[in-house]
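Subject: Handing over the structure, with notes on what was found

Dear colleague,

Here is the structure I promised to pass on to you, together with its sequence. Please open it beside this message, since the notes further down are meant to be read with the model in view.

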Amino acid sequence: RRCIICGKKSLYFLPYGQKENIFQQFKIIGGGWRKNCKCPHCNSLDRYRWTWYVILNFTDILSTECKILHIAPEPQIAKNIKMINPNCTYITGDLAEGRSDYVMDITNLPVENNTFDYIIINHVLEHILDENSAFSEIKRVLKPNGKFLFSIPIVKNRKTFEDKTITSPASRLKVYGQKDHCRLYGNDVLKHFECFGFKIQSYSPQELL
């Protein structure tokens, strides 16, 4: 195996992920325990490598003077973007201090309208209680032709599920698989995001590889 982020080879990737039964019960893609997940060299996870693949093959992030906002940045991806394209304006934000350039709340971004060519957000949206405000802010700060790159855990065999009365960490762990998750995105996820005004273009793995 070769990690496309650090470029190093290894006999196998390391196992990683939560072991709650809900991940198997609902066949949650992008969550749960995976045998071949974590690069033993750079510690990148499978979803990091998939995001990097999309950046390499379907964007001009690495070759133009674009403006990028990366929320909850994966350090492996952030390092590569800064190293490969020092001419881009690359800004990172996170709720927790010390994890990014700025402390930012995705539901209230301290950014002017129509600022970014790209916004990258991986496995964050399922943590956001006020989904409407988050998407309104993403649309507001994206340029008219900007692109929103995101990944989320997806339930394969049910529709998107959210119950705002489920608030305790223990209850969320039982229902969503993680104590700080607010919903389970389901097999209707494309229509779900289109309801917020996004134009979604989907690809199968066979089309991307």
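What follows is an account of the sheet, the open and enclosed spaces, the aromatic contacts and a few backbone details.

Please keep in mind throughout that this is a predicted model, and that the values quoted below are computed from it.

The sheet

I would begin with an open sheet of five strands, which run in the order E6-E5-E4-E7-E8 with parallel pairing. Strand E6 (102–103) and strand E8 (142–151) stand at its edges, and because each has a single partner strand, one side of each is left without a neighbour in the sheet. As general background, the strands of a sheet pair through backbone hydrogen bonds, either parallel or antiparallel.

Two of the pairings can be followed residue by residue. E4 and E5 are joined in the parallel sense over five bridges, and within this pairing isoleucine 71 has glycine 93 in E5 as its bridge partner. E4 is also mostly covered, in that four of its five residues are buried. Strand E7 (residues 116–122) pairs with E8, again in the parallel sense, over six bridges, and here tyrosine 118 stands opposite lysine 147 in E8.

The second largest pocket

Rolling a probe the size of a water molecule over the atoms shows where empty space is left. The second largest pocket holds about 780 Å³ of space. It is lined by 32 residues, of which Ala72, Asn122, His123, Val124 and His127 are the closest to its centre. Helix H2 (46–58) and strand E5 (89–94) each contribute at least two residues to this lining, whose residues divide by class into 14 nonpolar, 10 polar and eight charged.

Alanine 72 deserves a look in its own right, since its phi is near 50°, a positive value in a residue other than glycine. Most residues other than glycine have a negative phi. Alanine 72 is placed in the loop between strand E4 (67–71) and helix H3 (75–84), and with a relative accessible area of 23% it is partly exposed.

A second residue of this kind is asparagine 43, with a positive phi near 65°. Asparagine 43 belongs to the loop between strand E3 (34–38) and H2, and at a relative accessible area of 41% it too is partly exposed.

The cavity

How many cavities of 30 Å³ or more does the structure hold? There is one, and the space in the largest cavity comes to about 40 Å³. Its lining consists of Phe23, Ile28, Glu126, Pro153, Tyr176, His181, Arg183, Leu184 and Tyr185, or, by class, six nonpolar, one polar and two charged residues.

Among these lining residues, proline 153 sits in the loop between E8 and strand E9 (154–155). Proline 153 counts as buried because its relative accessibility, at 11%, is under the 20% cut-off. Proline 153 also brings together distant parts of the sequence, as it is 124 residues from isoleucine 29 along the chain, yet the two are 5.6 Å apart in space, C-alpha to C-alpha.

Aromatic contacts

A search of the whole structure finds 10 aromatic pairs. One of them is formed by tryptophan 50 and tyrosine 53, which are stacked, with 5.7 Å from centre to centre and 10° between the planes. Because they are three residues apart in helix H2, these two residues are separated by about one helical turn. Their surroundings can be told apart by accessibility: tryptophan 50 is partly exposed, with a relative accessible area of 37%, whereas tyrosine 53 is buried, at 19%.

Elsewhere, Phe135, Phe148, Phe150, Tyr185, Phe193, Phe196 and Phe198 form one aromatic cluster. Tyr185 also appears in the lining of the largest cavity, so you may wish to view the cluster and that cavity together.

Finally, there are two places where an arginine lies over the face of a phenylalanine ring. Arginine 49 is placed over phenylalanine 13, at 4.0 Å from the ring centre, and arginine 158 is placed over phenylalanine 26, at 4.7 Å from the ring centre.

With best wishes

Methods
Residues numbered from 1 in each chain as written. Predicted model: local features only at pLDDT ≥ 70, side-chain atom pairs only at ≥ 80, totals over all residues. Heavy atoms only, no water. 1 Å grid on protein atoms, 1.4 Å probe; cavity = no way out; pocket = protein on both sides within 12 Å on 5 of 7 lines; lining within 4 Å. Points joined across faces, edges and corners; volume = space filled by probe spheres on them. Nonpolar A, V, L, I, M, F, W, Y, C, P; charged D, E, K, R; others polar. Phe/Tyr/Trp six-rings, centres within 6.5 Å; stacked < 30°, edge-to-face > 60°. Buried < 20%, exposed > 50% of the residue type's maximum accessible area, 1.4 Å probe, protein only. Lys NZ or Arg CZ within 6 Å of the ring centre and 35° of its normal. Pairing = 2+ DSSP bridges.
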